[in-house]
Structures are given as structure tokens and as C-alpha cells.
Amino acid sequence: MAEVEICEQLKNAVLNVDKESAKDAVEKGLNEGIDPMKMIETGFALGMAMVGDEFEEGRRFLPQLMLSAALMTEEVDKLQDHIVGKGEKAEKAGTIVLGAVEGDVHDIGKNIVKIFLNANGYEVHDLGRDVLLPQFIEKATELNADIIATSALMTSTMQGQAKIEEMLEEQGLKGKIKTMIGGAPCTDHWAERIGADAYAENASDALYKANQIMGL
């Protein structure tokens, strides 16, 4: 099967919560040498984004959302083993503290970003979801991290990203610890408005922006 067909099958498997189809597509993709990160981003992640849109529009319910997320997580875990094996670098690219901001329990996109960054040499410390804002700065300071990366999937939680910038400024850490933001309602304009160093639209863009920040 061609790469496009494999990714289409993965996307539909997430939409239809079809475990057998997802498993079949993953096995075929790996056997045919398709880039696992490509399968994740243009297959699973695209399907999950569509599921998320339907949930927001009231066309899917929470149990359906959770089933799709569980299916994707299980299969992505299998792919991650292959990504790390191919993508590990001898030297660490940088240290990143990652998490979904306080009040936000959506973490699927964040988890995919973590996979991409890990696979390309970054040491990622994932604080999880619904993370208290001071914890980002405390952890970054403890680790002497290069970047704090936060996701916000709701307009109500985006303000947490702005608050982190204010906290960094108050503690004299602005510029010393770089910041990267992401999430459906976020934009380049929002990043500029709050003083974040970068906005990432998706996982591959997060890797690109992190590399830019680190001068790689």
C-alpha cells in the first residue's frame, strides 16, 4: 500500500474506532518502511483532530472521544519504539519542560509533540495535563531547561500561557528560559501578544521551532 493509503486508513480507523484496521495499517506501514512520524501526524493525529472537531460541535460524545484517543495512544506507543530507534541523536539537542496548562485536560496533541521532540534528541520532561502554572517555572529552573512548552486547547485556558510569561518576567527569567505555545485556539498573533518566543501549529512545527530556538 502507498503511504497516502496507509495514512488514510489510520485516520479512518481513529474516526471509526476500528482497532483491527489501525493495527493492520501500522503493521503494513512499518513493513513497507513508511516513516512512523508521518503515520502519526498525517494519519492518527489528523483523524484525532477531526474527532475533536466533531466533539466540539456536539456531533460526538465524550465516551466516543475517549475510545478514539485510547486507540490512537495504543498504536502510537508501538510506533514510538521505531521512531526512537531511528531518530536518537548522540548529543542532546536541549531540555524542554512540557505540559497542558492549568484547567486544560486535553493532552493528545501534547503527547504527539513529546514523541517528535524525544525522537530528535530533546530531553522532554512532561508534566502532564492541568498543570499548575508555577510548576512549569519551578521544573524549568530545577532542570536548567532551555524551553517551556505549553498547550492550551480552550480559550479559557490560554490565559495561563500569558500568565507564565508574566511570571517569568517577574522572576527575572524572561529570555533566559524560552517559551513555546501551542493548541487549537493559539496563533502566531497570540504568541506575539503575550511575548512567547514561538508558536507551533503541530508536532513537526514544534520540532522546527524548537530547533530554531536552539540554533540547530
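Which helix gives the largest share of the lining of the largest pocket? Keep that in mind while I get you oriented. What we have on screen is a predicted model, and I'd like to walk through its pockets, its cavity, and then one helix and a few backbone angles.

So, the answer: helix 3, which supplies nine residues to that lining. The pocket itself has a volume of about 1,300 Å³. In total, 42 residues line the largest pocket, and those nearest its centre are Ala-49, Ile-108, Gly-109, Leu-153 and Ala-184. If you're tracing along the chain, the elements giving two or more residues to this lining are helix 3 (36-56), helix 4 (62-87), helix 5 (108-119), strand 3 (147-151), strand 4 (178-182) and helix 9 (203-214). What about chemistry? The lining of the largest pocket breaks down into 25 nonpolar, ten polar and seven charged residues.

Next up is the second largest pocket, with about 160 Å³ of space. Its lining includes Met-72, Val-76, Ile-108, Asn-111 and Asp-126. Helix 4 and helix 5 are the elements that give two or more residues here. By class, the lining of this second pocket has five nonpolar, three polar and three charged residues.

Now for the cavity. How many cavities of 30 Å³ or more does the structure hold? One, and the space inside it comes to about 30 Å³. Around the cavity you'll find Ile-148, Thr-150, Gln-161, Ile-164, Glu-165, Thr-179, Met-180 and Ile-181. Strand 3, helix 7 (155-170) and strand 4 each give two or more residues to that lining. Sorted by class, the cavity lining is four nonpolar, three polar and one charged.

Okay, let's zoom in on helix 2. This helix has 13 residues and spans 18 Å from first C-alpha to last, close to the 18 Å expected at 1.5 Å a residue. Which residues of helix 2 are buried? They are Ser-21, Ala-22, Ala-25, Val-26 and Gly-29. Those five sit on the same side of helix 2, because they cover an arc of only 130 degrees around the axis. Here's the general background: an α-helix has 3.6 residues a turn, so residues three or four places apart point the same way. Swing round to the face of helix 2 turned away from the buried side, and you meet the exposed residues Lys-19, Glu-20 and Asn-31.

Have a look at the ends too. At the N-terminal end, Asp-18 caps helix 2, with a side-chain oxygen 3.4 Å from the backbone nitrogen of Glu-20. After helix 2 comes Gly-33, with a positive phi near 75 degrees.

That brings me to backbone angles. Most residues other than glycine have a negative phi, and here are two residues that go the other way. Val-17 has a positive phi of about 50 degrees, though it isn't a glycine. You'll find Val-17 in the loop between helix 1 (3-16) and helix 2 (19-31). Is Asn-144, with its positive phi near 55 degrees, in a helix or a loop? Asn-144 is in the loop between helix 6 (133-143) and strand 3.

And how accessible are these two? Val-17 is partly exposed, at a relative accessible area of 27%, while Asn-144 counts as exposed, at 66% relative accessibility.

That's my tour; happy to take questions.

Notes:
Residues numbered from 1 in each chain as written. Predicted model: local features only at pLDDT ≥ 70, side-chain atom pairs only at ≥ 80, totals over all residues. Heavy atoms only, no water. 1 Å grid on protein atoms, 1.4 Å probe; cavity = no way out; pocket = protein on both sides within 12 Å on 5 of 7 lines; lining within 4 Å. Points joined across faces, edges and corners; volume = space filled by probe spheres on them. Helix = DSSP H or I, 4+ residues; strand = E, 2+ residues; numbered from the N terminus. Nonpolar A, V, L, I, M, F, W, Y, C, P; charged D, E, K, R; others polar. Buried < 20%, exposed > 50% of the residue type's maximum accessible area, 1.4 Å probe, protein only. Expected span 1.5 Å × (residues − 1). Arc of directions from axis to C-beta. Polar contact = N/O pair within 3.5 Å; in protein donor to acceptor, adjacent residues only side chain to side chain.
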